[in-house]
Amino acid sequence: MSNLPPVKRFTTSSGLRIYRIAFEFMPNLSGRLYLLLGAGPPTLIDAGTGSPTATAQIWEGLSAVGSEFGEPFRPQDIRRILITHAHVDHYGGLAELVRRTGAEVGVHPLDSRTICAGQERLAIARQAFASFLMRAGVSGEDRAQLLDGYGRTKRHLESVPVDLLLEDGRAIDGIRIFHTPGHSPGHVCLLVDDVLLAGDHILSRTITQQWPESIAPYTGLGHYLESLGKVERIPGIALVMGGHEPPVRDVYKRIENIRASHFRRVDRVLRVLRESSQPMTIDEITGQLYDRQSSFYAFLALTDVASRVEYLDERGRLAVANPEESQDAETGAVSPVRYSVDR
Ligand SMILES: [Zn+2]
Ligand SMILES: [Zn+2]
């Protein structure tokens with residue numbers, strides 16, 4: 001079934017080697033992780049999903065680095081695993097890979113709790129998501145279904161202690177860390193000479209999924225766009241390699257396209273609200289913009305639209321039609337929030 005690209009070697013401007021290894025994730029989406037050789041001890045960037053298939057594909061790819069490319073390297077030589085962000089397709093395989101290699105684990109402080117206390121974070125995020133669904137005006141049945149599916153891929157994950165904090169501005173053996181929040185709170189991009197390992201911050205085909213900060217603080221479209229600007233200001237990036245899809249050659253052009261696409265999406269929300277005779281909930285806006293099929297896509301569509309509504313609301317572009325009903329001061333119960341364009 002596997003249609004994965006083979007292991008591929010990239011060389012940075014100072015001659016460090018980066019090996020790209022692909023693994024299966026979802027039917028139409030495979031993942032990529034990277035082995036970095038020459039910058040301190042052998043370092044893996046990200047850890048795959050944790051499914052037995054993905055971990056086997058990763059281990060096989062790592063073995064090929066020695067057998068096919070002639071590197072004096074075996075997978076168990078990995079000493080560091082740096083996580084670009086705490087999404088399951090990037091850290092799910094961490095516990096098993098740490099068991100096999102004894103590697104140290106590095107992640108940004110804002111994503112570290114998900115790695116070292118995952119079930120606690122999942123419970124907190126689920127509460128925030130439940131409250132979000134009420135405010136977004138999602139009906140009872142859809143709400144139950146979405147909540148039931150929430151975090152399903154993370155429930156089986158083992159927590160792993162964090163050894164290294166990937167703080168913004170730090171450099172570890174020449175690997176420069178840039179905190180790029182948005183897609184996740186503690187997302188980082190790692191610059192190795194002229195190559196940027198970009199996690200899911202910048203992909204070559206897909207516009208990365210956004211979430212509202214009301215579900216996950218320090219995400220949000222505002223943070224994401226600021227983080228795009230941060231990468232844009234790094235001079236001389238020759239190649240960007242992300243967690244999915246082929247590499248990006250002209251990152252500066254790609255950033256312009258991503259930014260334009262987000263502004264178009266934000267404008268679509270404004271258009272729907274302008275054309276409506278009534279103030280609308282996030283659920284109603286989503287219904288105008290997307291077809292609902294599977295709960296997964298409903299989830300992605302809702303959270304994406306919510307990130308745009310939040311972006312507009314934070315910037316004073318929207319008015320809330322029912323502020324007094326949206327939260328009961330006595331019981332704390334939340335009701336759907338209805339938005340209109342602030343004319
Ligand atoms: Zn991600
Ligand atoms: Zn990803």
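How many bridges join β8 to strand β9, and do the two run parallel or antiparallel? Two bridges join them, and the strands run antiparallel. β9 covers residues 175-179. Before going further: this is a predicted model.

At that pairing, isoleucine 172 stands opposite isoleucine 175 in β9. The wider context is an open sheet of five strands, ordered β8-β9-β10-β11-β12, with mixed pairing. The edges are β8, residues 171-172, and β12, residues 239-242. Each of these has a single partner strand, so one side of each lacks a neighbour in the sheet.

Now the metal site. Asp89 and Asp200 coordinate the zinc ion, ligand 2, through OD atoms, and His90 and His244 do so through NE2. The distance is 2.1 Å. Along the chain, the donors follow the spacing D-H-x109-D-x43-H. The angles among the four donor atoms go from 86 to 156°, and the site is irregular. On the cut-offs used, a tetrahedral site needs all angles between 85 and 135 degrees, so the 156° end of the range rules that label out.

There is a second zinc ion to keep in mind. Ligand 1 and ligand 2 are 3.5 Å apart, and aspartate 200 coordinates both zinc ions. Aspartate 200 sits in the loop between β11, residues 195-199, and α7, residues 221-232. Aspartate 89 lies in helix α2, residues 88-91. The pair therefore ties together parts that are 111 residues apart in sequence. Both aspartate 89 and aspartate 200 are buried.

Methods: Residues numbered from 1 in each chain as written. Chains lettered and ligands numbered in written order. Predicted model: local features only at pLDDT ≥ 70, side-chain atom pairs only at ≥ 80, totals over all residues. Heavy atoms only, no water. Pairing = 2+ DSSP bridges. Helix = DSSP H or I, 4+ residues; strand = E, 2+ residues; numbered from the N terminus. Donors = N, O, S within 2.8 Å, 3.2 Å for Na, K, Ca; no water. Tetrahedral: all angles 85-135°; square planar, octahedral: opposite > 155°, others 65-115°. Buried < 20%, exposed > 50% of the residue type's maximum accessible area, 1.4 Å probe, protein only.
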